[in-house]
Amino acid sequence: MLLDKRSALNFEWPLAAAVLALCGMGLVILYSAGFDPETQMSVPMKRQAAAMGVGWAAFLAIGFLSVNFWKRWAFILFGFGCMLLAIIDTVGIAAGGARRWLDLGGGVRM
């Protein structure tokens, strides 16, 4: 079973609350640092909030997967990660003195 009831019981709720609090503080800091009085908004804060939303969705989805799922897929995911590192090392884009990005086309870099 991909999800089980024990996952919710064993989930690290205090850790999630601490990370959520840190994210909230970071958004407040970005709001105050990037606030534009003419437009009455903070573009950096909006972009960061959108990225945090995607990150939280992934965090919760991954956190509730059963341990058996991770045991079954661990070697494949490890191999995929090693393959990505090898690809970045050979065809990655150098920036700031390090080779660390893959150009996916259309201005999208991973």
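User: In this predicted model, is tyrosine 31 buried, partly exposed or exposed?

Analyst: Buried residues fall under 20% relative accessible area and exposed ones over 50%, with partly exposed in between. Tyrosine 31 has a relative accessible area of 39%. Its class is therefore partly exposed.

User: How is the ring pair of tyrosine 31 and phenylalanine 35 classed?

Analyst: A search of the whole structure yields 5 aromatic pairs. For tyrosine 31 and phenylalanine 35, the ring centres are 5.3 Å apart and the planes stand at 55 degrees. Planes under 30 degrees apart count as stacked and over 60 as edge-to-face, with the rest as tilted. The pair of tyrosine 31 and phenylalanine 35 is therefore tilted.

User: What is the geometry of the aromatic pair formed by phenylalanine 69 and tryptophan 70?

Analyst: The centres of phenylalanine 69 and tryptophan 70 lie 5.1 Å from each other, with 80 degrees between the planes. An angle over 60 degrees counts as edge-to-face. The pair of phenylalanine 69 and tryptophan 70 is accordingly edge-to-face.

User: Which residue of this pair, phenylalanine 69 or tryptophan 70, is buried?

Analyst: Tryptophan 70 has a relative accessible area of 32%, which makes this residue partly exposed. For phenylalanine 69 the relative accessibility is 17%, and the limit for buried is under 20%. The buried residue is phenylalanine 69.

User: Which residue is linked with Phe69 and Trp70 into a cluster by ring pairs?

Analyst: The cluster joins Phe69 and Trp70 with a tryptophan found in helix 4. At 37% relative accessibility, this tryptophan, number 73, counts as partly exposed. The residue that completes the cluster is Trp73.

User: Which helix supplies the largest share of the nonpolar surface patch?

Analyst: The patch consists of Ile62, Trp70, Trp73, Ile76 and Leu77, which together have about 470 Å² of accessible area. Its largest share amounts to 4 residues, and these come from the helix spanning residues 67-91. That element is helix 4.

User: Which helix gives the most residues to the largest nonpolar core?

Analyst: The largest nonpolar core has 6 residues, namely Phe11, Ala16, Cys23, Leu27, Met52 and Trp56. At least two of them come from each of helix 2 (13-34) and helix 3 (43-63). The greatest contribution is 3 residues, and it comes from helix 2.

User: With which residues is tryptophan 56 in contact, leaving aside its neighbours within four places in sequence?

Analyst: Tryptophan 56 belongs to the largest nonpolar core, as do Ala16 and Cys23. Beyond its neighbours within four places in sequence, the contacts of tryptophan 56 are Ala16, Val19, Leu20 and Cys23.

Terms used: Residues are numbered from 1 along each chain as its sequence is written. This is a predicted model: local features need pLDDT of at least 70, side-chain atom pairs count only at pLDDT 80 or more; totals for chains, interfaces and linings use all residues. Side-chain values use heavy atoms; hydrogens and water are left out. A nonpolar core is a set of buried Ala, Val, Leu, Ile, Met, Phe, Trp, Tyr and Cys residues joined through side-chain atoms within 4.5 Å. Buried means under 20% relative accessible area, exposed over 50%, partly exposed in between (1.4 Å probe, protein chains only). Helices (H or I, at least four residues) and strands (E, at least two) are DSSP runs, numbered from the N terminus. Contact means heavy atoms within 4.5 Å. Rings of Phe, Tyr and Trp (its six-membered ring) pair if their centres lie within 6.5 Å; planes under 30 degrees apart count as stacked, over 60 as edge-to-face and the rest as tilted. Patches are made of residues with over 30% relative accessible area and no salt bridge: like charges are joined within 9 Å, nonpolar side chains (Val, Leu, Ile, Met, Phe, Trp, Tyr) within 5 Å. Accessible areas come from the Shrake-Rupley method with a 1.4 Å probe; for residues, only the protein chains shown count as cover. A salt bridge is a side-chain nitrogen of Lys or Arg within 4 Å of a carboxyl oxygen of Asp or Glu.
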